[in-house]
Amino acid sequence: MRSRRALLYVPGDDPNKISKAAALGVDSVCLDMEDGVAINRKAEARNQIFLALTSLGFGSSERLARINAVGSGLERDDLLAVLPARPDGIVIPKVETGEQVRWASQQLAAFEHEHRWPDGSIRLIVQTETARAIINLPQIVSADPRLDAVIFGAEDFANDIGAIRTREAWEVFYARSAVVTYTAAHGLQAIDMVFVDYKDPGSLKQEAIQGAKMGFAGKQIIHPSQVAPVQEAFTPSDEAIANALRIVELSAGFQEAGKGAFGVDGKMVDAPVVKAAERVLARARAAGKIPPLQ
Ligand code: COA
Ligand code: MG
């Protein structure tokens with residue numbers, strides 16, 4: 001699965017922001033038709049997104065388009081407007097049931113079939129941002145093989161449960177943790193909440209590191225200044241990589257000698273610690289910091 005350390009939203013009706021986003025080197029660019037676009041600008045967003053996808057180079061960034069919610073009445077025309085431009089994936093907001101995921105996947109399958117694009121080539125990412133979405137995570141994560149990732153939307157979720165957002169984010173901790181747990185059980189990526197204060201990169205970095213420690217694969221972002229701190233937070237440091245390489249190497253030797261547990265620098269290393277080291281190396285590989293496995 002591709003690396004999605006940072007997923008940048010860009011209002012789909014703003015061509016200046018779109019061309020700026022395309023050149024940032026961010027893992028994923030998400031061209032928005034939903035809440036970042038005013039009701040009377042939805043048609044303009046559809047047109048601009050089609051134009052951008054067919055005429056702009058995005059380098060190695062993933063090209064995503066976010067449609068309006070299934071059931072909003074806008075979702076079908078959103079898809080019809082942008083799918084002919086062959087985005088890499090579609091993001092669906094406010095998903096609450098497995099059925100909504102399958103509906104979207106079927107629309108994409110029909111398009112792929114019609115254009116003779118490979119089955120499943122347009123990926124699907126869903127946003128869970130209501131109480132109902134969180135209690136229905138078991139059916140959402142297992143709904144369709146096209147699904148790559150589940151995004152947690154904290155602002156909408158907090159509104160839905162009547163919570164007030166705080167810097168500490170303890171009011172959304174259960175839901176964040178649930179998204180990580182259910183996605184992990186199905187081999188999907190979890191993508192963490194937006195940090196809205198885009199003039200405070202220090203606190204952003206702290207929240208991103210906390211998300212990485214909780215098991216998130218990446219984080220949604222809203223401003224160019226958030227790309228570097230977030231992508232860094234989800235990339236293992238040189239020190240972590242060196243440490244992981246050492247543990248994996250030592251463990252191979254100890255396994256051969258018939259020892260499952262051993263000590264490194266005064267700390268016990270056994271199977272879960274070796275697995276954690278292997279995950280660090282996988283993240284480093286996905287971020288291009290060490291060469292891919294042969
Ligand atoms: N993508 C690409 N470029 C962006 C951007 C984004 N999300 N946000 C800001 N920029 C650009 C601006 O256009 C500006 O470019 P310029 O220097 O060429 O004029 C530059 O980055 C600096 O922006 P700044 O002046 O600091 O911010 P702003 O006042 O223009 O915009 C927001 C602030 C919050 C409106 C803007 O960041 C934004 O629209 N973010 C996305 C919001 C969104 O999509 N929300 C829905 C999903 S949660
Ligand atoms: Mg939302």
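In this predicted model, Asp27 sits in the loop that runs between helix 1 (15-22) and strand 2 (28-32). Its relative accessibility is just 11%, so Asp27 counts as buried. The side chain of Asp27 makes a polar contact of 3.2 Å with the side chain of Ser3. Leaving aside residues up to four places away in sequence, Asp27 also touches a run of others, including Arg2, Arg4, Arg5 and Ala6. Further along the chain, Ser60, Ser61, Glu62 and Gln231 are among the residues that Asp27 touches.

Two of those neighbours of Asp27, Arg4 and Glu62, also pair up with each other. Their side chains meet in a salt bridge, with N and O 2.8 Å apart. This pair links distant parts of the chain: Arg4 belongs to the segment before strand 1 (6-11), while Glu62 is in strand 3 (residues 62-66), and 58 residues separate the two. Both ends of this bridge are tucked away, as Arg4 is buried and Glu62 is buried too.

That bridge is one of 25 salt bridges found in a search of the whole structure. Another one joins the side chains of Glu34 and Arg66, at 3.4 Å from N to O. Glu34 lies in the loop between strand 2 and helix 2 (42-55) and Arg66 lies in strand 3, so this bridge ties together parts that are 32 residues apart in sequence. With a relative accessibility of 4%, Glu34 counts as buried, and Arg66, at 8%, counts as buried as well.

Glu34 has a further partner in Lys94, and here the closest N and O atoms of the salt bridge are 2.5 Å apart. Lys94 is found in the loop between strand 4 (89-92) and helix 4 (98-115), so its pairing with Glu34 ties together parts that are 60 residues apart in sequence. Lys94 itself is partly exposed, its relative accessible area being 26%. Through shared partners, salt bridges join Glu34, Arg66 and Lys94 with Asp32, Asp35 and Asp156 into one network.

Asp156 turns up again at the magnesium ion (ligand 2), where the protein donors are Glu129 (OE) and Asp156 (OD), lying 2.1 to 2.3 Å from the ion. These two donors also come from distant parts of the chain, 27 residues apart: Glu129 is in the loop between strand 5 (123-128) and helix 5 (131-135), and Asp156 is in helix 7 (residues 154-161). Their surroundings can be told apart by accessibility. Glu129 has a relative accessibility of 3% and so counts as buried, whereas Asp156, at 26%, counts as partly exposed.

Turning to the surface, Val196, Tyr198 and Ile222 make up a nonpolar patch of about 260 Å². One of these residues, Tyr198, is placed in the loop between strand 7 (189-192) and helix 9 (201-214). Tyr198 has a relative accessibility of 38% and therefore counts as partly exposed.

Technical notes: Residues numbered from 1 in each chain as written. Chains lettered and ligands numbered in written order. Predicted model: local features only at pLDDT ≥ 70, side-chain atom pairs only at ≥ 80, totals over all residues. Heavy atoms only, no water. Donors = N, O, S within 2.8 Å, 3.2 Å for Na, K, Ca; no water. Helix = DSSP H or I, 4+ residues; strand = E, 2+ residues; numbered from the N terminus. Buried < 20%, exposed > 50% of the residue type's maximum accessible area, 1.4 Å probe, protein only. Polar contact = N/O pair within 3.5 Å; in protein donor to acceptor, adjacent residues only side chain to side chain. Contact = heavy atoms within 4.5 Å. Patch = residues over 30% accessible without salt bridge, like charges linked within 9 Å, V, L, I, M, F, W, Y side chains within 5 Å. Areas by Shrake-Rupley, 256 points an atom, 1.4 Å probe, with all protein chains shown as cover. Salt bridge = Lys/Arg side-chain N within 4 Å of Asp/Glu carboxyl O.
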